[in-house]
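Hi,

Here is the structure we talked about, for you to open alongside this note. My findings follow below it.

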Amino acid sequence: MAAMKQKLLFFQRHLLAVPVVCLILTAGGCTKKNAGSEVFKKKCASCHGLDGKAKTKLAQGRPFADLTDGKWSHGSDRESVFKLVADGDPKSPMPPFRERLSPEELNAVVDHVMKLAQGTVPPQK
Ligand code: HEC
């Protein structure tokens, strides 16, 4: 009977370990939930602004840098946005990011841009 109790204790301990490990991973930023907005903040906000409205010195006078107005010069579907972010637009200050971001980061930031365009991202400070 003692062996049975031991086994039960072992089981309980390990069962508890699972949520604890999950918690640590989440707190440590292992979750990729906000990857898109993080990349945007670091690589894109200097021109496009955190809210994507392009109210920045670098993008002033370039209406297509506003990513929230629903006006697109390079195409509004996800594929066109992805291509533009990857390859840039040589005729404008919009740089290519294919070499500077991993495929995961590229995909995440494009998802973020698509959300900005739909106005579903709450304004950030
Ligand atoms: C150096 C400034 C700069 C940076 C950094 C920058 N952009 Fe741009 N971006 C621009 C400008 C300027 C335009 C407008 C291009 C034009 O006028 O044709 C633009 C255009 C775009 C467009 C197309 C809008 C349209 O109407 O077709 C998308 C999408 C975009 N940028 C996404 C991004 C993303 C995502 C990042 C970060 C990974 C980023 N940009 C970083 C300056 C920048």
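**Core and ligand shell**

The largest nonpolar core has 13 residues, and Val 81, Val 85, Val 109, Val 110 and Val 113 make the most contacts inside it. Helices H2, H3 and H4 each supply at least two residues of this core. H4 gives the largest share, 5 residues. Please keep in mind that this is a predicted model.

Next, H3. This helix spans 78-87. Val 81, Leu 84 and Val 85 are its buried residues to look at. They sit on the same side of H3, because they cover an arc of only 95 degrees around the axis. The buried residues of H3 pack against H4, which runs 103-117. Val 81 shows the detail: leaving aside residues up to four places away in sequence, Val 81 touches Val 110, Val 113 and Met 114. After H3 comes Gly 88, with a positive phi near 70 degrees.

Now the ligand. There are 25 residues around it. Those that come nearest are Cys 44, Cys 47, Phe 64, His 74 and Met 94. By class, the shell has 17 nonpolar, 5 polar and 3 charged residues.

Which helices supply at least two residues each of the shell around the ligand? They are H2 (35-48), H3 and H4. H2 gives the most, with 5 residues.

So much for the ligand; over to you.

Best wishes

Notes:
Residues numbered from 1 in each chain as written. Predicted model: local features only at pLDDT ≥ 70, side-chain atom pairs only at ≥ 80, totals over all residues. Near = placed C-beta within 6 Å. Helix = DSSP H or I, 4+ residues; strand = E, 2+ residues; numbered from the N terminus. Nonpolar A, V, L, I, M, F, W, Y, C, P; charged D, E, K, R; others polar. Buried ≥ 20, exposed ≤ 12 C-beta atoms within 10 Å, placed from the backbone. Arc of directions from axis to C-beta. Contact = placed C-beta atoms within 7 Å. Core = buried A, V, L, I, M, F, W, Y, C linked by C-beta atoms within 7 Å.
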